Amino acid sequence: MSRYDILIVGAGHAGAQAAIALRQNKFEGSIAIVGDEPEIPYERPPLSKDYLSGDKPFERILIRPATFWSEREVAMLTGKRVLSVDPAAHTVTTGDGATIGYGKLIWAAGGSPRSLICSGHDLAGVHAIRTRADVDRLMGELAATSRVVVIGGGYIGLEAAAVLTKLGKHVTVLEAFDRVLARVAGEPLSRFYEAEHRAHGVDVRLGAKVECIEEKDGRAIGVRLADGEVLPCEMVIVGIGIIPSVQPLLSAGAEGGNGVRVDAQCRTSLPDIFAIGDCALHANGFADGAEIRLESVQNANDMANAVARTLTGTPAEYHAVPWFWSNQYDLKLQTVGLSIAHDAAVLRGDPASRSFSLIYLKQGRVIALDCVNLVRDYVQGRALVVEGKSPDPARLADTEVPLKEL
Ligand SMILES: Cc1cc2nc3c(=O)[nH]c(=O)nc-3n(C[C@H](O)[C@H](O)[C@H](O)COP(=O)(O)OP(=O)(O)OC[C@H]3O[C@@H](n4cnc5c(N)ncnc54)[C@H](O)[C@@H]3O)c2cc1C
């Protein structure tokens with residue numbers, strides 16, 4: 001049986017950064033990353049952006065080149081899925097029947113795409129966008145595709161819609177809510193993106209209920225809506241969120257449900273087991289302590305950095321301002337803070353100019369900003385969120401007043 005001082009499960013953003021930070025913090029023990037994908041860690045955001053469009057080859061989205069891992073003596077155990085964890089024995093077992101021992105375990109397994117539950121959900125031509133393999137499969141079918149139905153008007157669905165429209169496909173976006181980005185953004189931002197997609201030729205359907213996916217010879221040929229309409233297509237992309245990959249930990253007795261619960265140092269309730277990234281359910285200081293999971297590169301990296309510090313003798317708590325970005329067409333959205341619990345929003349600038357910010361307040365305090373093509377507001381507004389400032393809303397709305405003066 002092989003054994004590592006630190007075993008990291010998941011070769012994604014969080015797992016890779018944990019190993020990088022451990023070595024940066026002079027950890028000298030043995031480290032292995034076990035991941036079920038065949039690749040060494042790569043960036044996931046380009047999968048719905050410039051990797052999907054063909055503008056960036058796979059080599060350019062690797063988090064580090066292969067030599068980096070061997071030089072730093074991080075063993076890459078790719079193509080192996082951890083099926084169970086034995087916290088008492090400090091071992092995990094993998095799908096190929098191997099047992100691997102650990103001193104500390106860092107669970108960084110992310111999540112898998114939620115799939116539709118209607119008939120036709122597993123037909124050929126129905127795709128998710130989570131892994132390189134997903135996107136390669138999808139890209140392999142593009143030449144024979146002229147019509148795409150995207151189910152889910154969240155960031156990933158909208159980014160894919162933007163890329164595929166640019167590639168000349170006819171795209172329909174189906175969103176169950178009455179606006180796109182309903183879970184993550186305020187209404188003015190939703191309406192702005194809806195209008196942008198429509199202007200680019202995307203057929204955006206709001207309040208759309210999918211009944212099933214129609215098939216011919218095992219392939220998707222259309223999406224049937226609850227009102228009976230059928231949208232013919234050659235490809236369906238499903239972007240309706242993820243299910244955190246935590247079952248082996250929960251089965252081993254870890255607390256959690258929608259993710260595995262961690263404390264301020266990203267420790268699970270099991271001894272010597274930490275969890276980080278998309279799968280970690282944590283009390284977030286930028287959400288007034290509400291227990292949430294964040295799905296962002298920032299969260300993955302900052303949690304990894306905190307655990308690496310703790311494991312190298314400088315106990316660190318995870319308390320980092322959330323940020324995120326999304327690229328659609330020529331629009332660069334940057335968000336800082338968490339808008340979930342806002343009770344007011346201030347529009348700063350005119351959306352018609354395609355460069356504006358939406359600033360979210362809770363009881364007068366700035367809790368988040370969404371900045372479209374406006375790096376300056378994003379950079380300066382960050383301090384308002386971090387310091388919990390309560391500026392006069394009229395001044396927030398005034399584009400003549402730089403945010404740094406507030
Ligand atoms: C298409 C797309 C676009 C995105 N765009 C953005 C963006 O613009 N900005 C942003 O901030 N974030 C974006 N994200 C989110 C961001 O990529 C994630 O938050 C980030 O990847 C989370 O890192 P992670 O390490 O927690 O999980 P992941 O990167 O998902 O890595 C987890 C890894 O663990 C593996 N795994 C799971 N279970 C097991 C097991 N039992 N055994 C072994 N291995 C296992 C998984 O296959 C995966 O390789 C995007 C995500 C996607 C999919």
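Strands β1 (residues 2-9) and β2 run parallel and are joined by 4 bridges; strands here are DSSP runs of E of at least two residues, helices are runs of H or I of at least four, and both are numbered from the N terminus. Two strands count as paired if DSSP finds at least two bridges between them. This is a predicted model, in which local features need pLDDT of at least 70 and side-chain atom pairs count only at pLDDT 80 or more, while totals for chains, interfaces and linings use all residues. Residues are numbered from 1 along each chain as its sequence is written, and side-chain values use heavy atoms, with hydrogens and water left out.

Back to the β1 and β2 pair: L7 sits opposite A32 in β2. To get from β1 to β2 the chain passes through helix α1 (residues 13-24), and this β-α-β crossover is right-handed (with the strands pointing away from the viewer, the path from the first strand over the helix to the second runs clockwise). On its other pairing, β2 is joined to strand β3 (residues 74-78) by 5 bridges, again in parallel, with I31 facing V74 in β3. The link from β2 to β3 goes through helix α2 (residues 66-71), and that β-α-β crossover is right-handed too.

As for cover, 5 of the 5 residues of β2 (residues 31-35) are buried, meaning under 20% relative accessible area (over 50% is exposed, in between is partly exposed; 1.4 Å probe, protein chains only). In a regular strand the side chains alternate between the two faces of the sheet. In β2, I31, I33 and G35 are buried on one side, and A32 and V34 on the other.

An open sheet of 5 strands, paired in parallel, has the order β8-β15-β9-β10-β11. Its edges are β8 (126-127) and β11 (203-206); each has a single partner strand, so one side of each is left without a neighbour in the sheet. Strand β10 (residues 170-175) pairs with β11 over 4 bridges, and E175 has L206 as its bridge partner there.

Then there is T268, in the loop between β18 (259-261) and β19 (273-275). T268 is buried, at a relative accessible area of 9%. Its side chain makes polar contacts (N or O pairs within 3.5 Å, one able to donate a hydrogen and the other to accept it within protein; residues adjacent in sequence count only if both atoms are side-chain atoms). The T268 side chain reaches the backbone nitrogen of L270 at 3.1 Å, and a polar atom of that side chain lies 2.8 Å from the backbone oxygen of I273.
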